[in-house]
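Reader: I'd love a close look at one helix of this model and its surroundings. Could you take me through the part where it ends, and then tell me what lies around it?

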Amino acid sequence: MEVSNSKWPLIRLVPKQTHFGFVHFARLAASLSVILCILSFVSFATGGLRQNPMDAFNKTQGSFTQKIDAVFADAFNLGIDFKGGVSMEAISTQPIDIGKVRETMHSLSVRDPQVQGFDKPNQIMVRFLSENDNNDAAIGVVKDALTKTLPGVTFSHPDVVGSKVSGELYRNGIMALVAAISFMLVFIWFRFEFQMGVGSVIALLHDVILTLGFISVTRIEFSLTSIAAILTIIGYSMNDTVVVYDRLRENMRKWKKKPMAELIDLSTNETLSRTIITGMTTLLALIGLTVIGGSTIQSFTIAMIFGVIIGTYSSIYVAAPFSLLVPRDEKKRPEKIVDDRP
């Protein structure tokens, strides 16, 4: 049964056909993207635009490679997944004063203590790094101190991540991102053509770099959850790009003599309503998760919100316009076909 659009007023606000000249603003958009990518790399080297990279370079003893590693060491606010350490939940019979717990944690001989609240006022998450990887002793010290501060408190089984394991997780996470982008290139190459494959990879790199730059500047905790968010953003952005490319390929067959710039504008406008509706639906779900989902998943949802916006932008202004930069052999363009779409 067909559903009337009158029942969906928000969808009715999206026009069925638009005639925006996207390619006309491609140079301006490309300049903006380049500037933002440069700022992202600057953020990596300055600890989120908060420190002078030359100080870390000059203070570090050793080879040039070691000094460069020191400069980029604070690029992200690494979580325990990547730094190693201990996390455990503490549940009290009474509401917990988080400020008092933080004072207690900072007075102990543990590194980088973190106290995170939940929706329930009597439950907190405690995270810290142990000295010399002596986790058992550090866990005992923290439990004893919190028991004195919070009478009647109970603890969950602590999750321990060693420094060696955390380093492997960090490397594997980066390898997962590289593998995902590489497979996307191969898929688009075989599904469409090589120029579009390169354009899609550039759009994906654009999305990943800007999302990482956003995480670096905002100092959102970078953990395995952040890797999952970036992989999800890659999939979302690629899905949007494939829709535009598929329509572009159809129009290249239908309008064999039409200039590529006009074909890109035509294809982007024809898929714009779908792009807007899909993006808004995804954003509404993510905003709801951010507001009511609690702080546990906020690093995921906030990164996803930014990534969805950037992914939608890159599908329109990065992936498709890149086709104009790659010379084509017009003789190889598909023959004209009859458009049988309803």
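Author: Happy to! Let's start at Gly47, which follows helix H2 and has a positive phi, near 60°. The model is predicted, so local features need pLDDT of at least 70 and side-chain atom pairs count only at pLDDT 80 or more, while totals for chains, interfaces and linings use all residues. Residues are numbered from 1 along each chain as its sequence is written, and side-chain values use heavy atoms, with hydrogens and water left out.

Stepping back from Gly47, we reach H2 itself, which spans residues 26–45 and so holds 20 residues (helices are DSSP runs of H or I with at least four residues, strands are runs of E with at least two, both numbered from the N terminus). From the first C-alpha of H2 to the last is 29 Å, close to the expected 28 Å (1.5 Å times one less than the number of residues).

Which residues of H2 are buried, meaning under 20% relative accessible area with a 1.4 Å probe and protein chains only (over 50% is exposed, in between is partly exposed)? They are Ala26, Ala29, Ser33, Cys37, Ser40, Ser43, Phe44 and Ala45. Four helices receive these buried residues: H3 (53–59), H4 (64–71), H9 (194–218) and H12 (298–319).

H12 is a good place to see this from the other side. Tyr317 belongs to helix H12, and it touches Ala26 and Ala29 as well as Phe22 and Phe25 (contact means heavy atoms within 4.5 Å; residues up to four places away in sequence are not counted). Ala26 and Ala29 are both among the buried residues of H2. Tyr317 also sits 8.9 Å from Ala203, C-alpha to C-alpha, although 114 residues separate the two in sequence.

Another residue of H12 is Ile310. Ile310 has a relative accessible area of 11%, which is why it counts as buried. Outside its neighbours within four places in sequence, Ile310 makes contact with His206, Asp207 and Leu210. Its C-alpha is 9.3 Å from that of Val208, a residue 102 places away in sequence.

For a second buried helix position, try Thr271, which is found in helix H11. Its relative accessibility is 4%, so Thr271 counts as buried. Setting aside neighbours within four places in sequence, Thr271 is in contact with Val243, Val244 and Arg247.

To finish, a strand makes a nice companion to the helices. Strand E2 (residues 85–91) is largely enclosed by the rest of the structure, because five of its seven residues are buried. E2 joins strand E4 (residues 123–129) through six bridges, and the two run antiparallel. Strand E6 (residues 159–161) pairs with E2 over three bridges, in the antiparallel sense (strands pair if DSSP finds at least two bridges between them). Two bridges link E2 to strand E5 (residues 154–155), also running antiparallel.

Val86 is a handy marker for following these links. Its bridge partner in E4 is Phe128, while its partner in E6 is Val160. For the link to E5, look instead at Ala90, whose bridge partner there is Phe155.
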